[in-house]
Amino acid sequence: MSRSLRRGALAGAAIVFSIASLAACGAGNNAQTLGVRPDNAATAVDSLKLQNGTVITRADGDAEGPAAVAVTVFNDGASAQTLESITLPGTDATVELSPATGSGPLTVPAGGRVVIGGNGNASAVVEGGGEALQDGGTQEIVFRFSETGDVRLLAFVVPGTGYYQGFGPSSGPESPSETPSESPSESPSGEATSPSPTGSPTGEAETGAAGGETGPEAG
């Protein structure tokens, strides 16, 4: 084999090795195994990594309704940290944090992670200030942790549709349909009864021929 052919073969092998190395790097915890979307906000401070930060509004576009914050928090430190609060600077919104199960503080375990948003995960519901959240825009989010302190993230504001369906706030409860109540003056047979002109002075229930006993159970 000539020298030029050998040099070409070595160069090709180096390119293949480089591509394989990059592919291996993409298979870690921060890539496809966790479905990380590159267009979503991410940051790292001390031992904490925040990924997929998003503010999700209602799917029906109701600015008066609640919104939600979705994010995944990784804790590479040796001790657990508590997420004490989430605030949205520039708005009057308040954010209510809830763990995935039970009640109490939202804790990120040492060497673990917490997913906020979506069914079965912890939640961060944004109440009020919805008029300041514009779909397609950005919103600064401040996460306050017990050890690291404030971690700031500039996140996209998106409606809870398509890819984000199920991660945003749920719709408000529907108003129960109104059903006409049965008139208390009707007997179980559906025939109207007229009040008896002679009531019992002792207050005892009387039995009618067609309607059974009168009282709270009638109708």
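Student: In this predicted model, is Asp-60 buried, partly exposed or exposed?
Tutor: The relative accessible area of Asp-60 is 49%. Exposed would need over 50%, and buried would need under 20%. The value for Asp-60 falls in between, so the class is partly exposed.

Student: Which residue forms a salt bridge with Asp-60?
Tutor: Look for a Lys or Arg side-chain nitrogen within 4 Å of a carboxyl oxygen. For Asp-60, the closest N and O atoms of the pair are 2.6 Å apart. The partner is Arg-58.

Student: Is Arg-58 buried or exposed?
Tutor: Buried means under 20% relative accessible area. Arg-58 has 11%. That is under the cut-off, so Arg-58 is buried.

Student: How many salt bridges are there by this rule?
Tutor: The rule asks for a Lys or Arg side-chain nitrogen within 4 Å of an Asp or Glu carboxyl oxygen. Arg-58 with Asp-60 is one such pair. By this rule the count is four.

Student: How many residues apart in sequence are the parts that Glu-140 and Arg-152 tie together?
Tutor: Glu-140 and Arg-152 form a salt bridge, with the closest N and O atoms 3.0 Å apart. Glu-140 sits in strand β9 (residues 138-145), and Arg-152 sits in strand β10 (residues 149-159). The pair therefore links parts whose separation in sequence is 12 residues.

Student: What is the N to O distance in the salt bridge of Arg-144 and Asp-150?
Tutor: Arg-144 is partly exposed at 40% relative accessibility. Asp-150 is also partly exposed, at 33%. Their side chains meet in a salt bridge with an N to O distance of 2.7 Å.

Student: Where does Asp-62 lie?
Tutor: Asp-62 is partly exposed, with a relative accessible area of 34%. Strand β2 covers 48-57 and strand β3 covers 67-75. Asp-62 lies in the loop between β2 and β3.

Student: Which residues gather with Asp-62 in a patch of negative charge on the surface?
Tutor: A patch takes residues with over 30% relative accessible area and no salt bridge. Asp-62, at 34%, is over that area cut-off. The others in its patch are Glu-64, Asp-92 and Glu-131.

Student: Which residues does Thr-72 touch, not counting residues up to four places away in sequence?
Tutor: Thr-72 is in strand β3. At 12% relative accessibility, Thr-72 counts as buried. The residues in contact with Thr-72 are Lys-49, Leu-50, Gln-51, Arg-113, Val-114 and Val-115.

Technical notes. Residues numbered from 1 in each chain as written. Predicted model: local features only at pLDDT ≥ 70, side-chain atom pairs only at ≥ 80, totals over all residues. Heavy atoms only, no water. Patch = residues over 30% accessible without salt bridge, like charges linked within 9 Å, V, L, I, M, F, W, Y side chains within 5 Å. Areas by Shrake-Rupley, 256 points an atom, 1.4 Å probe, with all protein chains shown as cover. Lys, Arg positive; Asp, Glu negative; His and termini not counted. Charge placed at Lys NZ, Arg CZ, Asp CG, Glu CD. Helix = DSSP H or I, 4+ residues; strand = E, 2+ residues; numbered from the N terminus. Buried < 20%, exposed > 50% of the residue type's maximum accessible area, 1.4 Å probe, protein only. Contact = heavy atoms within 4.5 Å.
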